[in-house]
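Here are my notes on the model you sent over. I've put them as numbered points so you can check each one against the structure.

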Amino acid sequence: QAQLVESGGGLVQPGGSLRLACAASGNIFIINNMAWYRQATGKRRELVASITSDFGTNYAESVKGRFAISRDNAKNTMYLQMNSLKPEDTAVYYCNAQIIDSGFSRGDYWGQGTQVTVSS
């Protein structure tokens, strides 16, 4: 089994910045695609940004130009740099990854989530 743990959330003012991290550990052979999702109170979970194993990226229209997704494969870690934050970015942010273990079994994994609150 593999595990994903998010960190870096917190309370910031509008216009501020945060950097989220997602660290994968456990039985890992390959991490394929990774992504950040978010879920605001009363809303459905939505895709924020995704990144492939060879660093191709996609972003939700609402965060283009403000957020940047990246990964460090040597550390099995993914990041989300969040700039120019808006109150509507307030949500629980979740890490997602497709992982192949040493026995070539595939799994879809989720972290526990980290709270981001943007408020003046």
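**Notes on the predicted model**

1. Let's start with the cysteines, keeping in mind that this is a predicted model. Searching the whole structure turns up one disulfide. The partners are C22 and C95, and their sulfur atoms sit 1.9 Å apart. C22 belongs to strand β3 (residues 18-26) and C95 to strand β9, so the bond ties together parts that are 73 residues apart in sequence.

2. A bit more on that bond. The torsion about S-S is about -70° for C22 and C95, so you can call the disulfide left-handed. Is C22 buried or exposed? With 0% relative accessibility, C22 counts as buried. C95 also comes out at 0% relative accessibility, so it counts as buried as well.

3. Next, the charged side chains. In general, side chains of opposite charge can pair when their charged atoms come close. The count here is four salt bridges, and R38, E46, R66 and D89 are linked in a network of them. I'd go through that network one pair at a time.

4. Take R38 and E46: they form a salt bridge whose closest N and O atoms are 2.7 Å apart. R38 has 6% relative accessibility, so it counts as buried. E46 has 35%, and because buried means under 20% and exposed means over 50%, E46 counts as partly exposed.

5. R38 also has a salt bridge with D89, at 3.0 Å from N to O. What does this pair tie together? R38 is in strand β4 (residues 30-39) and D89 is in the loop between β8 (77-82) and β9, so the link joins parts that are 51 residues apart in sequence. D89 is buried, at 1% relative accessible area.

6. Which arginine meets D89 at 2.8 Å, N to O? That one is R66, again in a salt bridge. R66 lies in the loop between β6 (57-59) and β7 (67-72), while D89 is in the loop between β8 and β9, so this pair ties together parts 23 residues apart in sequence. R66 counts as buried, with 11% relative accessibility.

7. Now have a look at strand β11 (residues 114-118). T114, V116 and V118 make up its covered face, and Q115 and T117 its uncovered one. β11 runs parallel to strand β2 (residues 10-12), and three bridges join the two. L11 has T117 of β11 as its bridge partner.

8. β11 has a pairing with β9 too, this time antiparallel and over three bridges. Which residue of β11 stands opposite V92? It's Q115, which is on the uncovered face of β11. Remember that β9 is also the strand that holds C95 of the disulfide.

9. Last, something on the surface. F29, I30 and F104 make a nonpolar patch of about 330 Å². F104 sits in the loop between β9 (91-100) and β10 (106-110). At 61% relative accessibility, F104 counts as exposed, whereas C95 in β9 counts as buried.

Methods:
Residues are numbered from 1 along each chain as its sequence is written. This is a predicted model: local features need pLDDT of at least 70, side-chain atom pairs count only at pLDDT 80 or more; totals for chains, interfaces and linings use all residues. Side-chain values use heavy atoms; hydrogens and water are left out. Patches are made of residues with over 30% relative accessible area and no salt bridge: like charges are joined within 9 Å, nonpolar side chains (Val, Leu, Ile, Met, Phe, Trp, Tyr) within 5 Å. Accessible areas come from the Shrake-Rupley method with a 1.4 Å probe; for residues, only the protein chains shown count as cover. A salt bridge is a side-chain nitrogen of Lys or Arg within 4 Å of a carboxyl oxygen of Asp or Glu. Helices (H or I, at least four residues) and strands (E, at least two) are DSSP runs, numbered from the N terminus. Buried means under 20% relative accessible area, exposed over 50%, partly exposed in between (1.4 Å probe, protein chains only). A disulfide is a pair of cysteine sulfur atoms within 2.5 Å. Two strands pair if DSSP finds at least two bridges between them.
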